[in-house]
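Dear colleague,

I am passing on the structure we talked about. It is shown just below, and my notes on it come after.

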Amino acid sequence: MAFRSVRLLLLIIAGFTSATVRAQKPSCSLSSKLYSKDSINITTFGASTVAGINGLQFQPFLKADFEACYPGKTVIVGNFGIPGQTTTQGLARFESTIINKKGFLLILIGLNDALAIVDKKMKITETQSNMNKMVEIALAYNLIPVIGTIQYLNAANNKRYQNANFVIRQINIIYRRIATNKKVYLSDINATLGKDFNLYQDPVHPNAAGNMRIAYAWFDTINTVIEQKFLLSGLNQNYPNPAVGKTNIGFSLSQSNKVTVTMYNMAGAIVRTLANTYFNSGYHEIEVSTSGFMPGVYIYTMQTPTEQFVKKMVVIGR
């Protein structure tokens, strides 16, 4: 009975902490306004950190982050975590899990491999082969895989966990190499949590604050993908506006193209050509010095061979 009371108290505290943490808002990318799709589809795949322990998961934080920054978009975050699984067990269910999915696939699995390797029940070459195969399958289904590095264990006074942390470092090196070789994205969950065990609810699993950190890491990585692959062509309002001394003009391209960015005065005369070259797809910014500009209202345009966008800016000082 005492055990149940303590457990209930811990869950109440965890729920309070989760609600408190959830109130924090992410920093939204300027390019979120230029996302070219109607929905953001995210599949999360892995073991217990993906599944969530004691009702604490990173997926609700991740969904809330995207809903805050991409209003009007449908955000779907699926949870396909099974506690205790190694990459070998994960690979066995991987294709059947992702076969009808689309969008982003977040893969966070391998910590149980580290323990199995320490116990001499598995070899690290198996982990490498399994992750390689998962990435290849994901790419074959036209998904965008993002590999997550795995977190350290709180190894205080636990020799087995200390040895597992050494293996975790090796696995994460392998995961980085796979991401580079396969030209896919990597989210450094390990660096996000570091060895701050105040972010853990037990020696293995993150608490509410830890899950919020993990969600931010995934969020930042997916935003990078969106900026590089899924933006409409468009021109952002300069900032700061009004401008004093300097300002920044941002624009995005859905595909690589030649871009000309030009500033005009209100009489229609060209004041300065800010860019006239090729840019790759994604989001770009130009820093503009207002030295030499008289205070007043200016027009700036972004032109490609097929599109043109126009904005106004105010200069109040040089």
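A residue is called buried here when its relative accessible area is under 20%, exposed when that area is over 50%, and partly exposed in between. Please keep in mind that this is a predicted model.

Helix H5

By the cut-off above, Leu111, Asn112, Asp113, Ala114, Leu115, Ala116 and Ile117 of H5 are buried. That makes 7 of the 8 residues in the helix, so H5 is mostly covered by the under 20% rule. What do the buried residues of H5 pack against? Their partners are helix H4 (87–98), H6 and H7. After H5 comes Lys120, which has a positive phi, near 60 degrees.

The cavity

H5 comes up again in the search for enclosed space. Over the whole structure, 1 cavity of 30 Å³ or more was found. The volume of this largest cavity is about 90 Å³. Two elements give two or more residues each to its lining, namely helix H2 (48–51) and helix H5 (111–118). The full lining consists of Ala47, Ser48, Thr49, Leu108, Ile109, Gly110, Leu111, Asn112, Ile150, Gln151 and Val204. Leu111 and Asn112 are thus on two lists, since they line the cavity and are also among the buried residues of H5. By type, the lining of the largest cavity has 6 nonpolar and 5 polar residues, and no charged ones.

The second largest pocket

The second largest pocket has a volume of about 180 Å³. Its lining is made up of Tyr35, Lys37, Ser39, Ile40, Asn41, Lys102, Gly103, Phe104, Asn142, Ile144 and Phe230. Which element gives the most to this lining? Strand S1 (residues 39–46) does, with 3 residues. In contrast to the cavity, where no charged residue takes part, the pocket lining includes 2 charged residues, along with 5 nonpolar and 4 polar ones.

The disulfide

There is 1 disulfide in the whole structure. Its two ends are Cys28 and Cys69, with the sulfur atoms 1.9 Å apart. The link of Cys28 and Cys69 is left-handed, at -80 degrees about the S-S bond. It connects distant parts of the chain, as Cys28 is in the loop between helix H1 (2–22) and S1, while Cys69 belongs to helix H3, 41 residues away. Are the two cysteines buried or partly exposed? Cys28 has a relative accessible area of 37% and is therefore partly exposed. Cys69, at 5%, is buried.

Salt bridges

The structure has 5 salt bridges. Notes on some of them follow.

Helix H3, which holds Cys69, also contains the pair Glu67 and Lys63. These two form a salt bridge in which the closest N and O atoms are 2.5 Å apart. Because Glu67 and Lys63 are 4 residues apart in helix H3 (residues 59–69), about one helical turn separates them. Glu67 is partly exposed, with a relative accessible area of 39%, and Lys63 is also partly exposed, at 31%.

The salt bridge between Lys182 and Glu136 has an N to O distance of 2.6 Å. This pair links distant parts of the chain: Lys182 is in helix H7 (residues 159–182) and Glu136 in helix H6 (residues 124–140), 46 residues apart. Lys182 is partly exposed at 27% relative accessible area, as is Glu136 at 40%. H6 and H7 were named above as well, as elements against which the buried residues of H5 pack.

Arg176 and Asp188 form another salt bridge, with 3.1 Å between the closest N and O atoms. Arg176 lies in helix H7 and Asp188 in the loop between strand S5 (185–187) and helix H8 (189–193), so this bridge ties together parts 12 residues apart in sequence. Both ends are partly exposed: Arg176 has a relative accessible area of 34%, and Asp188 has 24%.

That is the end of my notes on the structure.

Regards

How values were computed
Residues numbered from 1 in each chain as written. Predicted model: local features only at pLDDT ≥ 70, side-chain atom pairs only at ≥ 80, totals over all residues. Heavy atoms only, no water. 1 Å grid on protein atoms, 1.4 Å probe; cavity = no way out; pocket = protein on both sides within 12 Å on 5 of 7 lines; lining within 4 Å. Points joined across faces, edges and corners; volume = space filled by probe spheres on them. Nonpolar A, V, L, I, M, F, W, Y, C, P; charged D, E, K, R; others polar. Salt bridge = Lys/Arg side-chain N within 4 Å of Asp/Glu carboxyl O. Buried < 20%, exposed > 50% of the residue type's maximum accessible area, 1.4 Å probe, protein only. Disulfide = S-S within 2.5 Å. Contact = heavy atoms within 4.5 Å.
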